[in-house]
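Colleague: I should like to go through this structure step by step. May I put some questions to you about it?

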Amino acid sequence: MNDSLNSATSRRDFVRTLSLGAGATLVGAQALAGPLRWLAGAPAADRQLGVALVGLGGYSGGQLAPALQQTKFCRLTGIVTGTPAKAAKWKQQYNIPDANVYDYKTFDRMIDNPAIDIVYVVLPNAMHAEYVVRAAQAGKHVICEKPLATSAADARRMVAAVKKAGKQFSVGYRLHFEPHNQEMMRIGQREVFGPVRHLAADNGFSLTTPSWRVDRALSGGGPLMDMGIYCVQGCLYTKGQVPVSVTAKFIPNPDPKLFKDVEAGLDWQFQFADGATADCRTRYTENMEGRLRAEGPKGWAELTPAFGYGGLAGKTSQNDGRLNLPNINQQAAQMDDFAACILHNQPTRVPGEMGLRDVQLLEAIYRAAETGQKVSTKDVVQLIDRTSTGKALSK
């Protein structure tokens, strides 16, 4: 396995560049209390949990490893890579002992390593299932990047494997721990502007050179599997409901050679049981700012950009319209929350079942686009993050 699959030209670098260019940290009196509010008063952990990163591409190197230098409840203790030069570099940079360095053949030996508590799978989509299952069989808690899998069948297998192992399983949904997106959850789910009647979301970037992202065998699809999942997530956690149906269509293919295996772009609409709708767009042909908007009978709220690693900003129709909220290290908050859940025997707000739900929805969107018909989503896992509303996670 070659880690160059997570290349420097990935959409993660595009998102990072876009978001950091959008503005500096915004801090104000209205800032949320943070993703670890439920830990207030809880006893401090007597140790940090050890995290091993599987796949040392752009996201691991540019975001996760640096974030693990800021975390309170976990730290970087291991790596898995098929590139010896990367192993040597990371060992030196992060003081990782030889005993905690693995390749894809020696991966399973982790079962005998108590220095590693959590395995974070950061590989091309089609490889998620294998390494989540193997991590669970090695007795480790697991975080997996999104989308959880390239099929609902694989996602179910992953959830079952971690459950059988008696370990916790979380998806890399960092935005659930980000103040602007938490505020959208609050506004939508508490119906601050009345019941949300319409949502809009878009996310994409211009991909001009071949990569694993346009190889269906590795990616499972095009921008819907990569950037569109943010739109799926944003609409559901803002509305506070799972849609009951979807319609969709592919955009015309501007480059049949580059996009021979996957779609170049896709538009879809979710329909909810109460009549609300969500119109979404994703592209590999357009640098989209990344927008999430919710409208109700008494006003609206919008994040632009909504999905980047930083520089997020929002406004509403209320008062002066500005959301004075902080930009935080999302990855550090995400990983700390998961580690704290393990240490204090609490459920994660973004469990593997949520990842399964979203893979089911992605499959439904593709079926709708391929058939031109409305596709029911009523059998999709019914799970919504309600943490920001002060309610328990709902299944």
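The questions and answers below deal with a loop residue, a strand, the cores and some salt bridges.

Modeller: This is a predicted model, in which local features need pLDDT of at least 70 and side-chain atom pairs count only at pLDDT 80 or more, while totals for chains, interfaces and linings use all residues. Residues are numbered from 1 along each chain as its sequence is written, and side-chain values use heavy atoms, with hydrogens and water left out.

Colleague: Is glycine 166 buried or exposed?

Modeller: Glycine 166 lies in the loop between helix H5 (152–165) and strand S6 (169–171). Helices (H or I, at least four residues) and strands (E, at least two) are DSSP runs, numbered from the N terminus. Buried means under 20% relative accessible area, exposed over 50%, and partly exposed in between (1.4 Å probe, protein chains only). Because its relative accessible area is 59%, glycine 166 is exposed.

Colleague: Which residue in S10 is the bridge partner of leucine 199?

Modeller: Two strands pair if DSSP finds at least two bridges between them. Strand S7 (residues 198–204) runs parallel to S10, and 7 bridges join them. In S10, the partner of leucine 199 is alanine 278.

Colleague: Which residue in the turn between S9 and S10 has a positive phi?

Modeller: Strand S9 (residues 265–271) pairs with S10 in the antiparallel sense over 7 bridges, and glutamine 271 stands opposite threonine 277. The two strands form a hairpin with 5 residues between them. The residue with a positive phi, of about 95 degrees, is glycine 275.

Colleague: Between which domains does the largest nonpolar core lie?

Modeller: A nonpolar core is a set of buried Ala, Val, Leu, Ile, Met, Phe, Trp, Tyr and Cys residues joined through side-chain atoms within 4.5 Å. The largest one has 84 residues, and Phe169 is among those with the most contacts inside it. Helix H10 (residues 352–371) provides the largest share, 10 residues. Two domains, with bounds from an automatic or database domain assignment, both give residues to this core, so it lies between domain 1 (49–174) and domain 2 (178–326 + 352–376).

Colleague: With which residue does arginine 157 form a salt bridge?

Modeller: A salt bridge is a side-chain nitrogen of Lys or Arg within 4 Å of a carboxyl oxygen of Asp or Glu. Arginine 157 and its partner are separated by about one helical turn, because they are 3 residues apart in helix H5. The closest N and O atoms are 3.0 Å apart, and the partner is aspartate 154.
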